[in-house]
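Reader: Hello! Could you take me on a close look at one part of this model, the smaller details included? I would enjoy one connected account that I can follow with the structure open.

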Amino acid sequence: MNIKNVNTSVPREESLFLHPHGHFDNATTSYPKFPILSEMIDSYLENVGGNYGRTFYSRAYQVALAVEETRVLLAKKLGVHKPQNIMFCSGATEALNGVLRGFISSNKEMSTKYNAFNRIEKVWLSPLEHNAVTRTVHRLQVDFDIAVEILPADTDGRINLEECYYLPFTDKDLVIVNHQSNVNGVINPIGELKKVICRKGDDVPLVVDAAQSLSFDVPFIGVEKAGIDALVFSAHKGLMGPTGLGGFYLKNEQLISEWKEGGTASLLIADSMDMPSTSPEKFEAGTLNLVGIYGLKAVLDLEADNLIEGMVVSENDRTRRHQLEDFLLLLDEVKKIPDFTVYAANDSKYQGEIFSIRHRFMSNSELGRKLWEQYNIETRVGVHCALSAHRYLNTIPAGTVRFSPSFFHTANDFQLLVQILYQLGS
Amino acid sequence: MFITFSSLRQLIKFETSAKLVGLKFKIVPMPSSIPGRCGPAIEIIEREGEDDLTLVHSLVEELALSQEVNIY
């Protein structure tokens, strides 16, 4: 990508993004998706249509295979040896609600049953947490009288490990960290954090929200190796899957209790009123989003290069259309535009593909509206479901205009975006 | 001969290997003689002149499924 001598008077017709290349709101949900996603969803609905684990006929068995294969693909992605420790649910929000409630309420009220940890008395959060974490923790603070503290961080909100090193973590603490901020794209050091919080010998549980960071085509940190106790993911963002599906990894199924009861795919205890005690069945009451799982599997199979011969078409080419360097160059160029304040990582080594801006004079809503009405550019405007992050970054109450490119954006798209922002900025 | 499993993953693991060693089988409903359970089980279609029971036992052992299956 070469962004030099930027022409600040690009005629409107040349600046128009063609649909769907104007979608810079992939942190909300990724778009477009690979064609194979809808093909596989159609195929499930038209040709398969069975439920998971309930019965024996071939369509149902085919579904069981597909669900378990998807679990295996996700386990490989996350560096997890036991695929049964990956659970599906309706999304990252449900997973975070369940996991956090599980850790905090289990440890208070069910410690005699599970005895995995002592009662959790304090929760530590990064300053950039999403509302799915902060609102849940706020509720649990009221219900269970726990203390809540913010981890020390740099000005961009990235956790400062050196300062964390001196904090008195114990096994009555729970640490919850956002892997990649949905406001400024800052990436937190989840690989090193467990060692730091456990340095005094206590096993301090670490929960990671990877909703924004887990991507279908980019290698992910080895979750098991990093000692992470629970990690939550969403299917419809970087994994390029459908909405309504997410899940979580749990190091040990006995760490927390289940948060819902119902029918399961267990073959063992259909005559018991208790939920199964083993994962994933313990956490998968009710019918799973099988339509979604079929779609997600299709995308993860793309990564595994496991497509049936002849099914790969150019639209399903799994080569990302830009490099991280192209994105970082885009960010550097946006920082040079007068009158814009850019919210991003202080150090580009810790920058994910999300950033926010504010204009010195123009309101966020006016900027977002102009981007959409004049240039077909889709952004997110305001407070991005992360009140805590906006408070930390001092962008309350107006929030920011957020840009989060797609897998399909090219370096040329980034160049065009810079030109447009120059036009608007001036 | 019926084989029941404590989870789907174990059934799938067994089924995949059973194909490779040439066992003939069907995925069937959990036999009614095993009360209070549901889901799929495996029925081995025994072949004349073959010691399928021994083959099943060795497969179960090889896959470390002995705690997870019942053979009827």
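Author: Happy to! Let us take chain B of this predicted model, whose elements run β-α-β-β-α-β along the sequence. That amounts to two helices and four strands.

Now for the overall form. The C-alpha trace of chain B spans about 35 × 25 × 15 Å along its principal axes. Its radius of gyration is 11 Å, and because a compact globule of 72 residues would have a value near 11 Å, chain B agrees with that expectation. As for burial, 26% of the 72 residues of chain B count as buried. The contacts inside chain B also reach along the sequence: taking those between residues at least 6 apart, 59% join residues at least 24 apart.

Next, the side of chain B that meets its partner. Chain B puts 16 residues into the contact, and chain A puts in 15. On the chain B side, the elements that give two or more residues are strand 1 (2–5), helix 1 (8–20) and strand 2 (25–29). If you colour that side of chain B by residue class, you will find nine nonpolar, five polar and two charged residues.

For orientation, a word on the partner: chain A is divided into domain 1 (12–33 + 320–425) and domain 2 (40–303). The centres of these two domains of chain A, taken over C-alpha atoms, are 29 Å apart, and 29 residues of domain 1 are in contact with 27 residues of domain 2.

How values were computed: Residues numbered from 1 in each chain as written. Chains lettered and ligands numbered in written order. Predicted model: local features only at pLDDT ≥ 70, side-chain atom pairs only at ≥ 80, totals over all residues. Domains from an automatic or database assignment. Contact = placed C-beta atoms within 7 Å. Nonpolar A, V, L, I, M, F, W, Y, C, P; charged D, E, K, R; others polar. Rg over C-alpha atoms; globule rule 2.2 N^0.38 Å. Buried ≥ 20, exposed ≤ 12 C-beta atoms within 10 Å, placed from the backbone.
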